[in-house]
Amino acid sequence: MDNKTVVVPHNLPKGEMGGKQKNGQADGRNRRALGDIGNLVPAPAVEGKPKAAQISRPVTRSFCAQLLANAQAEKNKKALAEIVNKDAPAKKKASDKEIKTVEGSSLSKRKAKKSGKTLTSTLTARSKAACGLSNRPKYEIDDIDVVDADNHLAAVEYVEDIYNFYKLTEGESRVDDYMNFQPDLNHKMRAILVDWLIEVHRKFELMPESLYLAINILDRFLSLKTVPRKELQLVGISSMLIACKYEEIWAPEVNDFIHISDNAYAREQILQMEKAILGKLEWYLTVPTPYVFLVRYIKAATPSDNQEMENMTFFFAELGLMNYKTTISYCPSMLAASSVYAARSTLNKTPLWTQTLQHHTGYSEDQLMECAKQLVSYHLGAAESKLKAIYRKFSSPDRGAVAFFPPARNLLPTTTDAASCS
């Protein structure tokens, strides 16, 4: 067969379709080229370019897709160029408008700042009004931590948050009136036990934290479990033992407590009670006692180291701890703040209550008045009381003999108040 293109007859008379050619050739005059059938199309010319000689080639799917993609790319380029050319002056105008808008907004902000009606000031005013702070006068609060700025152990960066957390959680370790729950005990028995524990604490020369924690453990256990009278001292010994293990570097041993209690209990009894207390309290020993707040509030009360003020405050605080009514009536932070107020009144400090103290304690002078009067009434009767551990402790020269100071006259209770406190 030669290289001529094979064509299909266009119009064949009926009866000739089945006829065979001997040499496979036909007359070219009655035939049509394959290109005329329609399966060959010319390649589309790119817009904007002169038409070149069209080359006919078979159209496949991939080739058609390539052609369409090329055409689309050229159209996108042209459209993008048109957009850029058209929007160039518009952008310039928009930028000019933006500059004017910014200038106008800054001018309006300056005007608003002058008039005091910015959005921030409005929202701040609403927040203060909602919290009741709108009419609060601005007083100067002393920075009581400035002296400890270089002391890493003082944790100056976190101390405010720490004490806010103490205030939030102090209610968890506070006990309610439990004497009705203890048929064999009364508040006088508790006072005798606390007086004895203060004496033991002093003889062992323990840290003040241990005393406050021991009394907290004692009260919390008595509020959860009925204790017979003969085991009350055992509970007190075990509470002190637990507190010493928690707070002291060198805690007294069990034999020391056996000896100081005149062998009233065996070693096994103390260890068994210690286990019972820890189980009942679920090992919850990290609690904010009054001592935690006393340290902070004394610091706020005295800008410099004032030993007399410190001793007087601890004197009132321990008087409050020994009294059952005060312990259950006031939370640790209020007892600590009232002790500071009673101490300042006794030492005739002016003013009796400062804005710095109110800021750090969170209590006003009126809120502390009732508790402070109770503490001063205990001071008034301390010399004649049969329970003299606290009085002897704070009559010694190493405590500044603050127990000898006359009670604060402005806080002395009336006759009815004295009768109710006795």
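**Exercise 1.** By class, how many nonpolar, polar and charged residues does the lining of the largest pocket have? Find also which elements contribute to this lining and where the pocket lies relative to the domains.

*Solution.* The model is predicted.

Step 1. Start with the extent of the pocket: about 1100 Å³ of space lies in the largest pocket, and 43 residues line it. Nearest its centre are Y163, V292, V295, R296 and K299.

Step 2. Sort the lining by class. It has 23 nonpolar, 8 polar and 12 charged residues.

Step 3. Assign the lining to elements. Two or more residues of the largest pocket's lining come from each of α3 (159-169), α5, α6 (232-247), α9 (290-301) and α10 (307-322). The largest share, 8 residues, is given by α9.

Step 4. Place the pocket. Domain 1 (179-281) and domain 2 (290-411) both give residues to the lining, so the largest pocket lies between them.

**Exercise 2.** Describe the largest cavity and locate it relative to the domains.

*Solution.*

Step 1. Count the cavities. With a cut-off of 30 Å³ or more, the count is 1 cavity. The largest cavity holds about 190 Å³ of space.

Step 2. List the lining. There are 16 residues, with N216, D219, P290, T327 and P332 nearest the centre of the largest cavity. The elements giving two or more residues to this lining are α5 (208-222) and α12 (332-346). The most, 5 residues, comes from α5.

Step 3. Sort by class. The lining of the largest cavity divides into 9 nonpolar, 4 polar and 3 charged residues.

Step 4. Place the cavity. The largest cavity lies between domain 1 (179-281) and domain 2 (290-411), because both give residues to its lining.

Definitions and conventions. Residues are numbered from 1 along each chain as its sequence is written. This is a predicted model: local features need pLDDT of at least 70, side-chain atom pairs count only at pLDDT 80 or more; totals for chains, interfaces and linings use all residues. Side-chain values use heavy atoms; hydrogens and water are left out. On a 1 Å grid over the protein atoms alone, a cavity is a set of points where a 1.4 Å probe fits but cannot get out, and a pocket is an open set with protein on both sides within 12 Å along at least five of seven lines; lining residues have an atom within 4 Å of a point. Grid points are joined across faces, edges and corners, and a volume is the space filled by probe spheres set on the points. Helices (H or I, at least four residues) and strands (E, at least two) are DSSP runs, numbered from the N terminus. Ala, Val, Leu, Ile, Met, Phe, Trp, Tyr, Cys and Pro count as nonpolar, Asp, Glu, Lys and Arg as charged, and the others, Gly among them, as polar. Domain bounds come from an automatic or database domain assignment.
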